[in-house]
Amino acid sequence: MQDGRTTLSKFLIDTLDRQPSSGNAAATAGLSALLIDVAAAIKSISAMLTKGSLGGNYGSAQTINTHGEEQKKLDVATNEVFVQQCEWDGLLAAMVSEEMEDVYAIPSDYPRGDYLLAFDPLDGSSNIDINGVVGSIFSVLRTPQGEAQDAVGEAAFLRPGYEQVAAGYAVYGPSTMLVLSVGNGTHGFTLERDIGNFVLTHSNIRIPEDTVEFAINASNERFWEPPVRRYVQECKDGRTGCREQDFNMRWIASMVAEVHRILMRGGVFMYPRDSKTPAMEGRLRLLYEANPMSFLVEQAGGLATTGRERILDVRPHALHGRVPVILGSKNEVERIARYHGEYDRGEDKPYTSPLFSPRSLFLPDFSA
Ligand code: AHG
Ligand code: MN
Ligand code: MN
């Protein structure tokens with residue numbers, strides 16, 4: 001760029017299309033164009049959200065999505081924006097969204113490509129009513145080799161997160177930012193509204209390995225497993241407890257906003273396994289929430305685990321399957337994973353006291 005700034009298009013073309021050292025140019029052919037279309041969807045959504053209740057898109061859509069949650073008009077409208085901006089370009093074979101029950105195959109009036117897009121068009125949508133921060137999350141996979149582009153079904157999406165070729169989110173805050181990774185670090189772009197460009201403002205983001213900030217919905221405490229209760233209790237004990245330092249807590253109720261804070265200054269975010277809804281493994285969806293965020297966090301030097309397994313290694317079983325999520329600053333996430341291991345091996349001395357024993361009245365029943 002003549003003004004010395006790097007736009008998203010320049011970044012993608014330089015990174016994906018003009019890097020002989022990146023080896024397999026064929027493997028990423030078209031990816032920059034696809035990501036530019038995703039960015040176009042994000043710009044439209046940003047403009048829509050900025051109008052607030054004047055935009056006519058507030059309130060309930062009076063429909064229930066595949067998770068049994070009431071859809072807001074904006075959940076539906078933002079989903080539509082993603083579909084319309086990305087279905088025509090000949091780069092995708094199919095899409096999956098939080099707001100669509102089944103795989104959305106690209107209609108036959110458009111050419112099909114061999115990328116797959118999974119997305120959460122509006123994350124943290126309960127924040128809409130209070131003019132709080134919301135986001136969009138997306139993940140890009142390639143169709144499995146040998147799979148015909150016109151026959152892509154559910155199985156094509158049920159792949160571990162380490163196979164993602166790109167992942168990112170948009171955070172719609174005081175400014176709109178797009179944070180993405182194509183596997184060479186995590187990079188942040190800020191939307192210059194008057195021109196309509198995303199400009200690289202946060203190159204190669206690194207998450208500090210240590211932190212004294214954690215985020216969890218503490219109203220669920222009675223449903224948590226002992227290792228999570230132990231970790232949070234130790235943080236709350238602060239300077240006078242075994243951690244010998246004070247911690248701070250945040251909860252924005254939008255994973256995008258939490259992950260963005262962690263990328264900017266460190267921290268830990270947890271939506272762990274709980275017994276609130278025993279049939280569910282966690283709150284957050286693997287394909288379009290946990291996997292893309294874990295990819296971005298790992299690319300920035302952080303870690304992401306279920307407590308017992310690296311999230312990017314989890315084998316999905318269902319399009320909308322859920323997973324426990326613990327991610328952020330490396331040393332804290334390692335500590336929480338260690339607490340899970342100690343608990344599972346019965347080595348968790350303070351928490352095998354009668355108060356926290358598996359039969360205690362104080363503990364949820366995970367046997368179901
Ligand atoms: P969504 O709005 O896409 O359904 O996602 C909301 C998710 C996540 O972003 C957030 O961390 C969590 O749900 C909030 O859960 P609580 O309602 O328990 O606060
Ligand atoms: Mn979400
Ligand atoms: Mn959502």
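This report walks through the overall build of the protein, two of its helices, a few backbone oddities and its cysteines. Keep in mind that the model is predicted.

**Overall build**

Let's start with the big picture. The protein contains 8 helices and 17 strands. For 368 residues, a compact globule would come out with a radius of gyration near 21 Å, and the protein's own 21 Å agrees with that. Lay the C-alpha trace along its principal axes and it spans about 65 × 45 × 45 Å.

How much of the protein is buried? Buried residues account for 52% of the 368. If you take the contacts with a separation of 6 or more, 64% of them link residues 24 or more positions apart. As for the outside, the accessible surface is about 15900 Å², and carbon and sulfur atoms make up 49% of it. On the charge side, there are 35 positive and 48 negative side chains, with the centres of the two sets 5 Å apart.

**Two covered helices**

H6 and H7 are both worth a look, and they go side by side in a table.

| Helix | Residues | Buried residues | Glycine after the helix, phi |
|---|---|---|---|
| H6 | 255-265 | 9 of 11 | Gly-266, about 90° |
| H7 | 286-299 | 12 of 14 | Gly-301, near 90° |

Helix H6 is mostly covered. Its buried set includes Met-255, Val-256, Val-259, Ile-262 and Leu-263, and also Glu-258, His-260 and Arg-261. Just past the end of H6, Gly-266 has a positive phi.

Helix H7 is mostly covered too. Among its buried residues are Leu-286, Leu-287, Tyr-288, Met-293, Phe-295, Leu-296 and Val-297, along with Glu-289, Asn-291 and Pro-292. Gly-301 follows H7, again with a positive phi.

**A closer look at Ala-257**

Ala-257 sits in helix H6 and is buried, at a relative accessible area of 8%. Which residues does Ala-257 contact, leaving aside its neighbours within four places in sequence? They are Val-133 and Ile-252. There's a long-range pairing to note as well: Tyr-172 is 85 residues away along the chain, but its C-alpha is separated from that of Ala-257 by 8.7 Å.

**Positive phi without glycine**

Two residues take a positive phi despite not being glycines. One of them is Gln-62, at about 65°. Gln-62 belongs to strand S1, which covers residues 60-64, and it is exposed, with a relative accessible area of 68%.

The other is Ala-253, also listed at about 65°. Ala-253 lies in the loop that runs between strand S12 (248-250) and H6. At 35% relative accessibility, Ala-253 counts as partly exposed.

**Cysteines**

What about disulfides: how many does the structure hold? The count is 0. Cys-235 is in no disulfide, and the nearest cysteine sulfur to its own, that of Cys-242, is 9.0 Å away. Why is there no bond for Cys-242? Because its closest cysteine sulfur, in Cys-235, is 9.0 Å off, which is too far; a disulfide needs the two sulfur atoms within 2.5 Å.

The surroundings of these two cysteines can be put in terms of accessibility. Cys-235 is buried, with a relative accessible area of 2%, whereas Cys-242 is exposed at 57%.

Note on methods. Residues are numbered from 1 along each chain as its sequence is written. Chains are lettered from A and ligands numbered from 1 in the order in which they are written. This is a predicted model: local features need pLDDT of at least 70, side-chain atom pairs count only at pLDDT 80 or more; totals for chains, interfaces and linings use all residues. Side-chain values use heavy atoms; hydrogens and water are left out. Buried means under 20% relative accessible area, exposed over 50%, partly exposed in between (1.4 Å probe, protein chains only). Helices (H or I, at least four residues) and strands (E, at least two) are DSSP runs, numbered from the N terminus. The radius of gyration is taken over C-alpha atoms; the globule rule is 2.2 Å times the number of residues to the power 0.38. Contact means heavy atoms within 4.5 Å. Accessible areas come from the Shrake-Rupley method with a 1.4 Å probe; for residues, only the protein chains shown count as cover. Lys and Arg count as positive and Asp and Glu as negative; His and the chain ends are not counted. The place of a charge is taken as NZ of Lys, CZ of Arg, CG of Asp or CD of Glu.
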